[in-house]
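Thanks for coming, everyone. I'll put the structure up and then walk through it piece by piece.

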Amino acid sequence: MTTENNEQEELVDQVATENHEAAIDSSDNLTPEQKLEEDLATEKDKFLRLFAEFENYKRRTSKERIDLFKTANQEVLQAMLPVMDDFDRALVEIKKSEDDVLLQGVELIYEKLKSTLVSKGLEEVAVKAGDIFNADFAEAITQIPAPSPNLKGKIVDVIEKGYKLGDKIIRFPKVVIGN
């Protein structure tokens, strides 16, 4: 077996040497102008490949930079979401009391906070009771018997609002679905 392998290696080496010598002979047969044209074509090809690679690199890094800027606020915005939830709960309770001045003051602060977060790219995920449940846009907390036949497989209640930053959902809405 080893002698056969050695013979095969020698044959491969011989063919490779002959090919190399033939390439040298063919380049020896070229005129100086043809050699220069061949070298120029080779360098031009290298340049074009390098240029294309650099353009791809620039495009990729600029796309990554844009994506980074879009989601740079994500941690801060996610930290603010519980505050938004607290405001929602506070508004529900304040509406039960009959203090209109207090209600107006809290609503004013809530709207200012909400508009600031919206200006930074935060959007509420639009999900409401009666919508068809889609796991790509909402998280089902539990299933309950549907209160009416037309709510089977649909959202019965939204427990917690969901939010997205640009096209990316940073917190899925938590919903109850009917079965």
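**Strands, helices and charged pairs**

Let's start with a strand pair. Strand β2, residues 139-144, runs parallel to β6, and five bridges join the two. Keep in mind that this is a predicted model.

Two bridges show how the pair is set up. Gln-143 has Ile-177 of β6 as its bridge partner. Ile-144 is matched with Gly-178, also in β6.

Now the other neighbour of β6. Strand β3, residues 155-160, pairs with β6 in the antiparallel sense, over four bridges. Glu-160 stands opposite Lys-174 of β6. Hold on to those two residues. They come back later.

Put the pieces together. The three strands make an open sheet, ordered β2-β6-β3, with mixed pairing. Its edges are β2 and β3, and each of these pairs on one side only. On average, neighbouring strands here are turned by 25 degrees against each other, direction ignored.

How covered is β6? Mostly: in this strand, residues 174-178, four of the five residues are buried.

Next, the other sheet. Which strands form it, and in what order? Again there are three strands in an open sheet, this time β1-β4-β5, and the pairing is antiparallel. The edge strands are β1, at 122-124, and β5, at 168-171; each pairs on one side only. The twist from one strand to the next averages 40 degrees.

Inside that sheet, β4 covers residues 163-165 and pairs with β5 in the antiparallel sense over three bridges. One bridge to look at is Leu-165, whose partner in β5 is Lys-168.

What lies across this sheet? Helix α3, residues 74-96, lies across β1, β4 and β5. The helix runs at about 55 degrees to β5.

Step back to the whole protein. There are four helices and six strands. Along the sequence the pattern reads α-α-α-α-β-β-β-β-β-β. Of the 179 residues, 18% are buried. The exposed surface comes to about 13,700 Å², with 57% of it supplied by carbon and sulfur atoms.

Then the contacts. Take those between residues at least 6 apart in sequence: 62% of them join residues at least 24 apart.

On to side chains, aromatics to begin with. The structure holds three aromatic pairs. One of them is Phe-47 with Phe-51, and this pair is stacked: 6.2 Å centre to centre, with 25 degrees between the planes. Where do they sit relative to each other? Both are in helix α2, residues 32-71, four residues apart, so about one helical turn separates them. Is Phe-47 buried or exposed? Phe-47 is exposed, because its relative accessible area is 51% and the cut-off is over 50%. Phe-51 has 44% relative accessibility and counts as partly exposed.

Now the charges. The count is 13 salt bridges. I'll take three.

First up, helix α2 again. Glu-43 and Lys-46 meet through their side chains in a salt bridge, 3.7 Å from N to O. They are three residues apart in helix α2, so the separation is about one helical turn. Glu-43 is partly exposed at 47% relative accessibility. Lys-46 is partly exposed too, with a relative accessible area of 48%.

Next, Asp-85 with Arg-171. Their closest N and O atoms are 2.8 Å apart in this salt bridge. The pair links distant parts of the chain: Asp-85 is in helix α3, Arg-171 is in strand β5, and those positions lie 86 residues apart in numbering. Are these partners buried or exposed? Asp-85 is buried, with a relative accessible area of 7%. Arg-171 counts as buried at 14% relative accessibility. Both are buried because the cut-off is under 20%.

Last, Asp-88 and Lys-161. This salt bridge has its closest N and O atoms 3.4 Å apart. Asp-88 lies in helix α3 and Lys-161 in the loop between β3 and β4, so the pair ties together parts that are 73 residues apart in sequence. Lys-161 counts as partly exposed, at 25% relative accessibility.

Here is the part I asked you to wait for. Salt bridges with shared partners join Asp-85, Glu-139, Glu-160, Arg-171 and Lys-174 into one network. Glu-160 and Lys-174 are the residues we saw opposite each other, in the pairing of β3 with β6. Asp-85 and Arg-171 are the pair between helix α3 and strand β5.

That's the tour. Questions, please.

Key. Residues are numbered from 1 along each chain as its sequence is written. This is a predicted model: local features need pLDDT of at least 70, side-chain atom pairs count only at pLDDT 80 or more; totals for chains, interfaces and linings use all residues. Side-chain values use heavy atoms; hydrogens and water are left out. Two strands pair if DSSP finds at least two bridges between them. Axes are lines fitted to C-alpha atoms, for helices over the stretch in contact, and angles run from 0 to 180 degrees between N-to-C directions. Contact means heavy atoms within 4.5 Å. Buried means under 20% relative accessible area, exposed over 50%, partly exposed in between (1.4 Å probe, protein chains only). Accessible areas come from the Shrake-Rupley method with a 1.4 Å probe; for residues, only the protein chains shown count as cover. Rings of Phe, Tyr and Trp (its six-membered ring) pair if their centres lie within 6.5 Å; planes under 30 degrees apart count as stacked, over 60 as edge-to-face and the rest as tilted. A salt bridge is a side-chain nitrogen of Lys or Arg within 4 Å of a carboxyl oxygen of Asp or Glu.
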